[in-house]
Amino acid sequence: MRILIIPFCFVTILSYAAAYDPLDPNGNITIKFDIMSWTPDGYVAMVAINNFQMYRHVGDPGWQLGWTWAKKEVIWSMVGGQTTEQGDCSKFKGNIPHCCKKTPTVVDLLPGTPYNQQVANCCKGGVLNSWGQDKEGSVSQFQVSVGQAGTTNKTVKLPKNFTLLGPGPGYTCGPAKVVPPTNFLTSDLRRKTQALMTWNVTCTYSQFLARKYPSCCVSLSSFYNETITPCPTCSCGCDHKKSCVKSNSKILSMVGLNTRKKDNSPLLQCTHHMCPVRVHWHVKVNYKDYWRVKVSITNFNYRMNYSQWTLVAQHPNLNNVTQVFSFNYKPLVPFGSINDTGMFYGTKFYNDLLMEAGPFGNVQSEVLMQKDQNTFTFRQGWAFPRKVYFNGDECKLPPPDTYPFLPNSGLKPSISVLPIICSFILLIFGFGVFSQF
């Protein structure tokens, strides 16, 4: 019995630990159902999907929300969203429900949807911006009319087995929990109303569940060392090595090369690391009281561009950021008073879109940081970040022993005190001997 219990506990602990992000400990996606009114055979609910993750967004083709009905519920109609399948509605005569499946899957509507089919915060193609980057764009809503369900707070049964794709795997959702009803303010802000019933579902992200390998890597360089530390070989796995395209291949001139496939399979440029994205950190200039870093992000995927991208770095000197030149910057303080983590993201209409691989598939900026004279040093790789995240996924860093270290002459004073003392003694001794003659 003990042999069975120990592995079970170990797997359980790992499953919870994998969904914990130390740089965003409170980050999650919360799904809220607010029952706004009762119908003869059910209710009308407003469903809101709130992205409370500081730097992880839900990109194109958007989120997919699924669940399992507790009884024999059906969806009569929807506004601001739709189910991917209608299911078997053959037993209904007259009015046909929008969806009769036991396990419906809901997606957002696309931009340009007619106004009579919209609700607030809908119709963005399922894209959810991160909380730290754009709070207003981090919520999506739709309205659903449910039939063959309870018509009171005591008879309504909560849905089960919630799933969230954003847009791929990685999210794990907990059970639905009844919470105090949501309060709403009228447009004149003079009256408060509340939902008839509210329940929440919390979903957390795990990179281990999302993909087998990392999706980005980091390379390093510095002004004081000619050696460039590249991304480790096969940083993101070499599964696509046989289908990669060389940068000088004639295939790149084909029409439709950049069209995304239905299965989201990448078309990568052939590199030794085989990563879709590479982040390069270059220590550029050393001033008396400041130092400058150049950060470059390069896209190697011919079938993917990244809108609303985010880059997170953990570095001890980010508590003294003086200026960021062409990126937006927001400090993150996941551990209270320890300010060593920051989020970079693009400027709207300038570089917030990282284009597909090619001559325009990169963005870059420079960061100026003030030195802390008590702790600052370039030794032992101190000038390079401890962790780097791109779009919420941790990037593969090179091994620490390969970092561009200072040359041997840079680790000691250029003029040693001992030779000066010895020369002075020899000078006195020689002068004394010469005086005897």
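**Disulfides and cores in a predicted chain**

Reader: How many disulfides does the count come to here?
Author: A disulfide here is a pair of cysteine sulfur atoms within 2.5 Å. This is a predicted model, so local features need pLDDT of at least 70 and side-chain atom pairs count only at pLDDT 80 or more, while totals for chains, interfaces and linings use all residues. Residues are numbered from 1 along each chain as its sequence is written, and side-chain values use heavy atoms, with hydrogens and water left out. By the disulfide rule, the count comes to eight.

Reader: Okay, which cysteine forms a disulfide with Cys216, and is that link left-handed or right-handed?
Author: The partner is Cys395, with the two sulfur atoms 2.0 Å apart. The angle about the S-S bond is -95 degrees, and the link of Cys216 and Cys395 is left-handed.

Reader: How many residues apart in sequence are the parts that Cys216 and Cys395 tie together?
Author: Helices (H or I, at least four residues) and strands (E, at least two) are DSSP runs, numbered from the N terminus. Cys216 sits in strand S14 (residues 216-222), while Cys395 is in the loop between strand S26 (393-394) and helix H3 (417-436). So this pair ties together parts whose separation in sequence is 179 residues.

Reader: Which cysteine forms a disulfide with Cys236, and where does each of the two lie?
Author: Cys236 pairs with Cys275, their sulfur atoms 1.9 Å apart. Their link is right-handed, with 95 degrees about the S-S bond. They are 39 residues apart, and this pair links distant parts of the chain: Cys236 and Cys275 are both in the loop between strand S15 (225-229) and strand S16 (277-286).

Reader: What is the relative accessible area of Cys275?
Author: Buried means under 20% relative accessible area, exposed over 50%, and partly exposed in between (1.4 Å probe, protein chains only). Its partner Cys236 is buried at 9%. Cys275 is buried too, because its relative accessible area is 0%.

Reader: And Cys244 with Cys270: how many residues apart in sequence are the parts they tie together?
Author: These two form a disulfide with sulfur atoms 2.0 Å apart, and the link is right-handed at 95 degrees about the S-S bond. Cys244 and Cys270 each lie in the loop between S15 and S16, so the parts they tie together are apart in sequence by 26 residues.

Reader: Does Cys270 count as buried or partly exposed, and what about Cys244?
Author: Cys244 has 17% relative accessibility, so that one counts as buried. Cys270 has 27% relative accessibility, so Cys270 counts as partly exposed.

Reader: Which cysteine sulfur is nearest to that of Cys99, which is in no disulfide?
Author: Cys99 is buried, with a relative accessible area of 1%. The nearest cysteine sulfur is 6.6 Å away, and it belongs to Cys100.

Reader: How many residues are in the largest nonpolar core?
Author: A nonpolar core is a set of buried Ala, Val, Leu, Ile, Met, Phe, Trp, Tyr and Cys residues joined through side-chain atoms within 4.5 Å. Among those with the most contacts inside the largest one are Trp281, Trp291 and Phe378. Its residue count is 35.

Reader: Which elements give two or more residues to this core?
Author: You can trace them along the chain, beginning with S14 and S16. Then come strand S17 (290-299), strand S19 (310-314), strand S24 (362-370) and strand S25 (387-390).

Reader: How many residues does the other core have?
Author: That core lies apart from the largest one. Ile29, Val106, Ala149 and Cys173 are among its residues, and the count is 34.
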